[in-house]
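Trainee: Could you take me through one part of this model at close range? I would like to see how a helix and its surroundings fit together.

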Amino acid sequence: MSIGTGILLFVVGAILAFAINVQVDWADLQMIGYILMGAGVLVVLLGIILMARRRRTDVVTRTEATPDGNVSRRSVRAPGEGDEVL
């Protein structure tokens with residue numbers, strides 16, 4: 001969602017900075033466009049960084065045979081960590 005929001009901010013900023021030639025007394029639309037484009041780039045970069053840092057887990061189901069019968073155990077392991085038994 002953040003990547004899409006960043007792209008939207010960038011597009012709206014580009015429209016304000018380059019496509020609209022309207023002068024208003026209360027705001028500089030070209031500067032607002034540049035600010036929105038910069039914010040859009042930052043949001044896209046942050047979204048990519050957060051998406052790359054998101055943890056991924058592996059779910060492994062093991063069945064062990066014991067003299068009393070079969071025992072099933074489920075464990076979840078994140079990369080770089082030991083197994084955590086649930």
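**A close look at helix α1**

Mentor: Happy to! Among the elements of this predicted model, α1 has the highest mean pLDDT, 94, while strand β3 (residues 84-85) has the lowest, 48. For the protein as a whole, the average pLDDT is 80, and 63% of the residues score at least 70.

Let's start with Ile7, which lies in α1, the helix of residues 2-19. Ile7 has a relative accessibility of 47%, and because buried means under 20% and exposed over 50%, it counts as partly exposed. Ile7 also helps to make a nonpolar surface patch of about 400 Å², together with Val11, Ile15, Ile20 and Val22.

Now move along to Ala14, also found in helix α1. With a relative accessible area of 21%, Ala14 is partly exposed. Setting aside neighbours within four places in sequence, Ala14 is in contact with Ala19 and Met37. Its C-alpha atom is separated by 9.6 Å from that of Ile32, which is 18 residues away along the chain.

Met37 takes us to the partner helix, as it is one of the buried residues of α2, along with Leu29, Gly33, Gly40, Val44 and Gly47. These buried residues of α2 pack against α1. Helix α2 itself covers residues 29-53, and its 25 residues reach 36 Å from the first C-alpha to the last, close to the 36 Å expected at 1.5 Å a residue.

To put the pieces together: α1 contributes Ile7 to a nonpolar surface patch, and the buried residues of α2 pack against α1, with Ala14 in contact with Met37.

Terms used: Residues are numbered from 1 along each chain as its sequence is written. This is a predicted model: local features need pLDDT of at least 70, side-chain atom pairs count only at pLDDT 80 or more; totals for chains, interfaces and linings use all residues. Side-chain values use heavy atoms; hydrogens and water are left out. Patches are made of residues with over 30% relative accessible area and no salt bridge: like charges are joined within 9 Å, nonpolar side chains (Val, Leu, Ile, Met, Phe, Trp, Tyr) within 5 Å. Accessible areas come from the Shrake-Rupley method with a 1.4 Å probe; for residues, only the protein chains shown count as cover. A salt bridge is a side-chain nitrogen of Lys or Arg within 4 Å of a carboxyl oxygen of Asp or Glu. Helices (H or I, at least four residues) and strands (E, at least two) are DSSP runs, numbered from the N terminus. Buried means under 20% relative accessible area, exposed over 50%, partly exposed in between (1.4 Å probe, protein chains only). Contact means heavy atoms within 4.5 Å. pLDDT is the predictor's confidence in each residue, from 0 to 100. The expected span of a helix is 1.5 Å times one less than its number of residues.
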